[in-house]
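Welcome! Here are a few exercises to work through at your own pace, each with a solution in steps. Take a look at the model first.

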Amino acid sequence: MPFEQGSKALKSDGHKHTTQTSERVNVPKLPIASEEGFSNVVRDSNQNYWFTKQLSPNHVEVYVFVHSLAQLRTFQVNGKPSFYEYPETICIACEGEEWNGWIYEFSKEDPRMTHQWHVNGIFCDLKRKGNQLIVSSYHVEGDEALLTTFGDSGKKVIPLEVGYSPVNMMIAEEGVYVAALSITASYQDQVLLLDDTYQIKNTFKLDFSPRTIHSWNGSLIVHGINRKTGKSDQLVYICSKTGRQEKFPIPSCELVQCSEQHLTFYNADTKILSIFDHQQKEIVSMRESERPYVSNHF
């Protein structure tokens, strides 16, 4: 299975539990007969190597080579996996069969499965806030966006909006942002702002389909797709206090990174890397390049 990559892995959760950037590396000889059928190998901050192999359409074997013990361990998970790294743990979020999701948590110090949770609906995104894991999903039967939290007090499912599917989440000082796509054309796509109890306290309506959300200097940054043209050329800065929106022209591209100074965009067809400056609110450089490798979940 290919590992997902995305700029959402670069964000802090606002509680000093930041995700770590995983790294693709030249790996030592691993105690397996052949690498045929295995995913690309990645390494966590404890120098453990993680990789997967498809067993059936809905079952995947996860392998971890434990660096400190020179030992290979295997685990089975249900569905297509996405890996998220946190200071003490690795979380594997899976899109399972029949509109079910699964979350598996592993210790990094001694890689073993410590928790396994079921998620109602199609898995969308995962974030950590303090001791809580926050999962967004789309519940097909109820046609609604759901938020599920897992923590010391157990599992809690919170309905968000009927007729919407979550896309991306971000944790900020003012709350949890959830980008949501309208399932039907009768509703506008939007970004939801949730309070400390995960109830909706504000909404920001959009005239395009959001794909990724970031923050900078008190502004919410949303990059997405023009529904009429299908191009990823929509970029808007939203004031989190007033809701005022400023849209800026950009070429159709993928947003691969958000830093304190700029946004980095990449067009895979033209192999052009573009830098959009936050202060100047325009593209300040463009050059031919290979796609930069940026990820916080492997």
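**Exercise 1.** Decide whether R43 is buried or exposed, and find its side-chain partner.

*Solution.* Begin with the cut-offs: buried means under 20% relative accessible area, exposed over 50%, and partly exposed in between, using a 1.4 Å probe and protein chains only. R43 has 19% relative accessibility, so it counts as buried. Next, place the residue: R43 sits in strand β2, residues 42–43. Strands here are DSSP runs of E with at least two residues, and helices are runs of H or I with at least four, both numbered from the N terminus. Finally, the side chain of R43 makes a polar contact with the side chain of Q47, at 3.3 Å. (A polar contact is a pair of N or O atoms within 3.5 Å; within protein, one must be able to donate a hydrogen and the other to accept it, and residues adjacent in sequence count only if both atoms are side-chain atoms.)

A note before going on: this is a predicted model, in which local features need pLDDT of at least 70 and side-chain atom pairs count only at pLDDT 80 or more, while totals for chains, interfaces and linings use all residues. Residues are numbered from 1 along each chain as its sequence is written, and side-chain values use heavy atoms, leaving out hydrogens and water.

**Exercise 2.** Describe the whole protein by its helices and strands, its buried share and its disulfides.

*Solution.* Count the elements: there are zero helices and 25 strands. Then turn to burial: of the 298 residues, 51% count as buried. Last, look for disulfides, meaning pairs of cysteine sulfur atoms within 2.5 Å; the structure holds zero. As for individual cysteines, C94 is buried at 0% relative accessibility, and C253 is buried at 10%.

**Exercise 3.** Work out the order of the strands in the open sheet of four strands.

*Solution.* Strands pair if DSSP finds at least two bridges between them. Following the pairs gives the order β18-β19-β20-β21, with antiparallel pairing. The edges are β18 (209–216) and β21 (245–249), each pairing on one side only. Now go pair by pair. Seven bridges join β18 to β19 (residues 219–225), and V222 in β19 is the bridge partner of I213. Five bridges join β20 and β21, where L235 stands opposite F248. Five residues lie between the strands of the β20 and β21 hairpin, and G243 takes a positive phi near 80° there.

**Exercise 4.** Find the surroundings of G224 in strand β19.

*Solution.* First check burial: G224 has a relative accessible area of 1%, so it is buried. Then list its contacts (heavy atoms within 4.5 Å): leaving out residues up to four places away in sequence, G224 touches F208, S209, P210, R211, K231, S232, D233 and Q234. As for R211, it is 13 residues from G224 in sequence, and their C-alpha atoms are 4.8 Å apart.

**Exercise 5.** Which residues touch the most other members of the largest nonpolar core?

*Solution.* A nonpolar core is a set of buried Ala, Val, Leu, Ile, Met, Phe, Trp, Tyr and Cys residues joined through side-chain atoms within 4.5 Å. Among the 16 residues of the largest one, the answer is Y177, V191, I213, L220 and V222. At least two residues of this core come from each of β14 (164–172), β15 (175–182), β16 (190–194), β19 and β20 (234–239). A second, separate core of 13 residues includes V62, I92, C94 and F106.
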